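Here's a quick tour of one model, starting at a turn and ending at a single residue. Have the structure open as you read.

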Amino acid sequence: MTDITFNDKKYIVEDLSDRARYMVAQIEEIQNELAIEKAKIDRLEVASNGFKQLLADELESKEGA
């Protein structure tokens, strides 16, 4: 049996209506998608910071030349 907690109350998924089970599935899928998108954002932020550091290093090396 799978159970969920919603608004501080536990529910057994198998006992829910078809419509409620569909909503639970949608929420779970959306949460998974959000986690994937957050990981993409983290990766892009790290890459952006890396390029900013590379640019700073490049500009500093040209100033010293």
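## The hairpin

Start at the turn: in the hairpin made by β1 and β2, two residues sit between the strands, and N7 takes a positive phi near 50 degrees. Keep in mind that this is a predicted model.

The strands themselves are easy to pick out. β1 covers residues 3–6 and β2 covers residues 9–12; they run antiparallel and are joined by four bridges. To see one pairing, go to T5, whose bridge partner in β2 is K10.

## The largest pocket

Next up is the largest pocket, with a volume of about 260 Å³. Its lining is made up of I4, T5, F6, Y11, L16, A20, M23, V24, I27, E28 and Q31. Two or more of the lining residues come from each of β1 and α1 (18–64). Helix or strand, who gives the most? That's α1, with six residues, the largest share of the lining.

As for chemistry, the lining of this pocket splits into eight nonpolar residues, two polar ones and one charged one. So T5 turns up twice in this story: bridged to K10, and listed in the pocket lining.

## A look at I12

Is I12, a residue of strand β2, buried or exposed? Neither, quite: its relative accessibility is 29%, and because buried means under 20% and exposed over 50%, I12 counts as partly exposed.

Leaving out residues up to four places away in sequence, I12 touches M1, T2 and D3. Take M1: I12 is eleven residues from M1 along the chain, and their C-alpha atoms are separated by 6.8 Å.

Note on methods: Residues numbered from 1 in each chain as written. Predicted model: local features only at pLDDT ≥ 70, side-chain atom pairs only at ≥ 80, totals over all residues. Heavy atoms only, no water. Pairing = 2+ DSSP bridges. 1 Å grid on protein atoms, 1.4 Å probe; cavity = no way out; pocket = protein on both sides within 12 Å on 5 of 7 lines; lining within 4 Å. Points joined across faces, edges and corners; volume = space filled by probe spheres on them. Nonpolar A, V, L, I, M, F, W, Y, C, P; charged D, E, K, R; others polar. Buried < 20%, exposed > 50% of the residue type's maximum accessible area, 1.4 Å probe, protein only. Contact = heavy atoms within 4.5 Å.
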